[in-house]
Amino acid sequence: MAKKWAKFPHPDKAYAHDAAGLKKHWARLHKGDCEPLPKDAEVLDAWRAFHAGDFGRAVEAGLAAGGAGINAAVKAQTVYAYYLENSDKAKATLFEEAAGWADARRREAPKDANAHYMYAFALGRYSQSISVAKALAQGLGGKLKDALLTAMKLEPRHADANIAYGSYQAEVIDKVGGLVGGMTYGAKKDSAVEHFQKAVKLFPEAAIAYIEYANGLIMLYGKAKLAEAQKLYEHAAACKPADAMERLDVERAKAELE
């Protein structure tokens, strides 16, 4: 069933009209998640729709293509739900569904680093939607952590996985404290900061890296890091978005500064 979702177009569509344009810009568009350039035209079309902001079409095309196309479908549905869906109940449902797709994909292709990341990406947003405390009680924290560690082991340059792992640790510590967070969930302040810093180094063009780093600092250190977090938001707001998702990130950063 096709997703009847509103489009969120990116103003620069040089890559969005055909396969040649997308291939030309692929390295920049996937600098964060290290997704390999697809050989399958249907998978490539799913990603084209994603980058152009047609998230519903990206989900439809990705699921139809199957295989590596699932990564595009998961990312599109998760991004749409997080940024554009207004209903909290619908958000949770979309996140949970996307996590299910990603879980099946990573079991099918265990060496696909991005499949593990996409599972953590959707599961992480689902956890936030039901409350991190509730997610930890349900054992989702361990699943998310294991998926991110696997993704980073398979692909050390995976900036998005580093961002997510930093955020995971910050949120755990924020909810249960440093002692319990470290002993029970392996969450450490220094490790969280190190992963945020690595992500920024790997992908300095990404607004989301600075946004999540700023959020993480506030969760970990409170008012003591407000000034540093403010600078990170300003950096994020000044980033030049390369696609629709990055445009959503930049607009989020600007909203934080208002």
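# A guided look at cavities, bridges and surface

Tutor: Let's start inside: E205, A207, I208, C239, K240, P241, E246, D249 and V250 line the second largest cavity. Helices α12 and α14 are the elements that give two or more residues to that lining. Please keep in mind that the model is predicted.

Student: Which helix gives the most to the lining of the second largest cavity?

Tutor: Helix α14 does, with three residues.

Student: How do I read the chemical character of that lining?

Tutor: Sort the lining residues by class. For the second largest cavity, the result is five nonpolar, no polar and four charged residues. The space inside is about 30 Å³.

Student: How many cavities of 30 Å³ or more are there?

Tutor: The count comes to two. The largest cavity holds about 530 Å³ of space.

Student: How many residues line the largest cavity, and which lie nearest its centre?

Tutor: Its lining has 38 residues, and those nearest the centre are Y117, F121, R125, A164 and E212. By class, the lining of the largest cavity has 21 nonpolar, eight polar and nine charged residues.

Student: Which helices should I pick out in the structure to find the largest cavity?

Tutor: Look for the elements that each supply at least two residues to its lining: α2 (41–52), α4 (69–83), α6 (113–130), α7 (132–137), α8 (140–154), α9 (159–176), α12 (207–221) and α14 (244–257).

Student: Now for charged pairs. How do I recognise a salt bridge?

Tutor: Look for a side-chain nitrogen of Lys or Arg within 4 Å of a carboxyl oxygen of Asp or Glu. The whole structure has 16 salt bridges by that search. One of them joins K31 to E205, with the closest N and O atoms 2.9 Å apart. K31 lies in the loop between α1 and α2, and E205 in the loop between α11 (189–202) and α12, so this pair ties together parts that are 174 residues apart in sequence.

Student: I remember E205 from the start of our talk.

Tutor: Well spotted: E205 also helps to line the second largest cavity.

Student: Why do K31 and E205 count as partly exposed?

Tutor: Partly exposed covers the range between under 20% (buried) and over 50% (exposed) relative accessible area. K31 is partly exposed because its relative accessibility is 30%, and E205 is partly exposed because its relative accessible area is 29%.

Student: Which residue forms a salt bridge with K75?

Tutor: The partner is D33, and the closest N and O atoms are 2.9 Å apart. K75 lies in helix α4 and D33 in the loop between α1 and α2, so the pair ties together parts that are 42 residues apart in sequence. The two residues, K75 and D33, are both buried. They also belong to a network of salt bridges that links D33, K75 and D160.

Student: Are D112 and R105, which meet in a salt bridge, buried or exposed?

Tutor: Their side chains meet at 3.0 Å, N to O. D112 counts as buried because its relative accessibility is 13%, and R105 counts as buried because its relative accessibility is 12%.

Student: Let's turn to the backbone. What should I look for in phi?

Tutor: Start with the general rule: most residues other than glycine have a negative phi. Then look for residues that depart from it. C34 has a phi near 55°, a positive value in a residue other than glycine. S131 has a positive phi too, near 100°, and is likewise not glycine.

Student: Where are C34 and S131 found?

Tutor: C34 is in the loop between α1 (19–29) and α2, and S131 is in the loop between α6 and α7. C34 is partly exposed, with a relative accessible area of 23%. S131 is partly exposed, with a relative accessible area of 33%.

Student: Finally, the outside. Which residues make the nonpolar surface patch?

Tutor: V176, L179, V180 and M183 make the patch, which covers about 400 Å². Helix α10 (residues 178–185) provides the largest share, three residues.

Student: Why does L179 count as exposed?

Tutor: An exposed residue has over 50% relative accessible area. L179, which is found in helix α10, is exposed because its relative accessible area is 64%.

Technical notes:
Residues numbered from 1 in each chain as written. Predicted model: local features only at pLDDT ≥ 70, side-chain atom pairs only at ≥ 80, totals over all residues. Heavy atoms only, no water. Patch = residues over 30% accessible without salt bridge, like charges linked within 9 Å, V, L, I, M, F, W, Y side chains within 5 Å. Areas by Shrake-Rupley, 256 points an atom, 1.4 Å probe, with all protein chains shown as cover. Helix = DSSP H or I, 4+ residues; strand = E, 2+ residues; numbered from the N terminus. Buried < 20%, exposed > 50% of the residue type's maximum accessible area, 1.4 Å probe, protein only. 1 Å grid on protein atoms, 1.4 Å probe; cavity = no way out; pocket = protein on both sides within 12 Å on 5 of 7 lines; lining within 4 Å. Points joined across faces, edges and corners; volume = space filled by probe spheres on them. Nonpolar A, V, L, I, M, F, W, Y, C, P; charged D, E, K, R; others polar.
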